[in-house]
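Reader: Please take a close look at the nonpolar interior of this protein chain. I would like the core itself first, then the chain around it.

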Amino acid sequence: MKSGTLLKLQNGSDVRGIAAEGVEGEKVNLTPIEANVIAQGFALWLSKKTGKSVEQLKIGVGRDSRITGESLSNAVLSGLGALGVETVDCKMATTPAMFMSIVFDETHFDGSVMITASHLPFNRNGLKFFDADGGLEHDDITAILESAQDLSEKNSAKQASTFDLIALYASHLSKTIKEGIKGAPNSDKPLENLKIVVDAGNGAGGFFVSELLDKLGANTTGSQFLNPDGLFPNHIPNPENKAAMESIKSAVLANKADLGLIFDTDVDRMSAVFSDGTEVNRDAIIALSAAILAPEYPHSTIITDSVTSDRLTRFLENELGLKHHCFKRGYKNVINECKRLNSEGIVSPLAMETSGHGALKDNYYLDDGAFLAVKIIIALANARLQGKSLESLIEKLEPLVEDKEIRFKINCEDFSGYGDEVLSAFKKRAEEKGYTLPKSYEGVRISFNDDEKKGWLLLRKSLHDPVMPLNIEGERTGDVDKIFAAAKELLAGFDKLC
């Protein structure tokens, strides 16, 4: 490997790259060779952390529906096997299931690898790693890639064993539903009178219908794109994508469903749709999740990323009696903050991003779209048994009126340093104007609440790119334009932003 080439594949706490031809201008940089040596690097890292020899390690490998998944998975298994690791091929799986393979008594792996690039286009792929402490951190990935840089491809002649992890994982979710629904007429089929439509986006989430909902008695007529297809021919498997949300919304209305659920490719994210077609995503999915947890965790703290709205804060604090800790972008950031608060005795049952990444304290701090969907289904079933509706849980969440995101490009080599200069001046100018600046853990947030304009903005640096996103939400029609005008005034003179 050329020096530093593998490090270019690091994307936060994951490995991601271009794994297939087919997109003009995008050259393949993640082949089975890279996957093979990176897997070896993971085994060596895990051996050092656990104190076990590589021959004593047991590692599971799974993949989503991407067209390069099988070849990369085989390369990972072969590289691990060549070192003497006991390898288990879990075939088609989900990211949360691969972590649970470490927890389940039936598997109890020392570590696991998921071949996925989440919602990215068909030509991308990547690797996510887990050990007993959960998903690896940024520095762990760096160490693995640095180690792998000096390794060469090795292939094992020994065939990996196989295990149907999804069947075990579905059984775990099924048990959770049965235990969570109180007073169902048929305890074996507690979802008998519910119609639930699922959109798996041709990713790995189709099992949620065949292995779970159907067996529990739900009517899943109208569920769509359940078959794995790594070319994603119908829509991007991403709950944040407008076309994807419109697709599941249409399916719910056409089939008169009680609930719609949509997953991303590897099922660590989800969003929902109410029976009337109302999209339950971004702030609303956080509000719904918090409302479900609030009775069990009164006065607790909900962790979110930085782009959640003032509307959400008012709902969590004024309607649910909870505390809102608006933290940073990045699902690992909110999860780690949730872990930190709980370790200090501050009860925090939920860490969630507007993207649909939601991690529960009582579920190993694992961002698991299927488990979150299960919690929503339980809430729906229990509400019906009590003569109530799921929608009533967030009926007091103020509706979104208008919002906007502007992504300013930074045209200079030291884009990070320039971004810091912009934020410093932006904050100083805002203070001089007497604007309200709530505490912000990244970037600068301003809240507006006067006769001229009501709403908020957040200006921050991108986590990885030479970009400064500006998020704006207005509480009345026309407020976004007025807040944007105020932001442009605060940014005057910064000519390297465009």
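Author: The model is predicted, and its interior can be described from the core outward. The largest nonpolar core has 75 residues. Within this core, the members that touch the most others are Tyr169, Leu173, Leu191, Phe208, Leu261, Met270 and Ile394. Helix 11, residues 369–385, gives the largest share of this core, with eleven residues.

Ile394 can serve as a worked case. Setting aside neighbours within four places in sequence, Ile394 is in contact with Phe274, Val280, Ala284, Ala287, Leu288, Ala291 and Phe315. There is also a second, separate core, made of 34 residues. Among its members are Leu6, Trp45, Ile115 and Leu145.

Now the chain around these cores. The protein chain contains 13 helices and 21 strands. Its radius of gyration is 23 Å, close to the 23 Å that the globule rule gives for 498 residues, so the chain is as compact as a globular protein of that length. The C-alpha trace spans about 75 × 65 × 45 Å along its principal axes. Of the 498 residues, 57% are buried. Among contacts with a separation of 6 or more, 69% join residues 24 or more positions apart.

The outside completes the picture. The protein chain exposes about 20,600 Å², and 48% of that area is supplied by carbon and sulfur atoms. As for charge, there are 56 positive and 72 negative side chains. The centres of these two sets lie 2 Å apart.

Methods: Residues numbered from 1 in each chain as written. Predicted model: local features only at pLDDT ≥ 70, side-chain atom pairs only at ≥ 80, totals over all residues. Heavy atoms only, no water. Helix = DSSP H or I, 4+ residues; strand = E, 2+ residues; numbered from the N terminus. Rg over C-alpha atoms; globule rule 2.2 N^0.38 Å. Buried < 20%, exposed > 50% of the residue type's maximum accessible area, 1.4 Å probe, protein only. Contact = heavy atoms within 4.5 Å. Areas by Shrake-Rupley, 256 points an atom, 1.4 Å probe, with all protein chains shown as cover. Lys, Arg positive; Asp, Glu negative; His and termini not counted. Charge placed at Lys NZ, Arg CZ, Asp CG, Glu CD. Core = buried A, V, L, I, M, F, W, Y, C linked by side-chain atoms within 4.5 Å.
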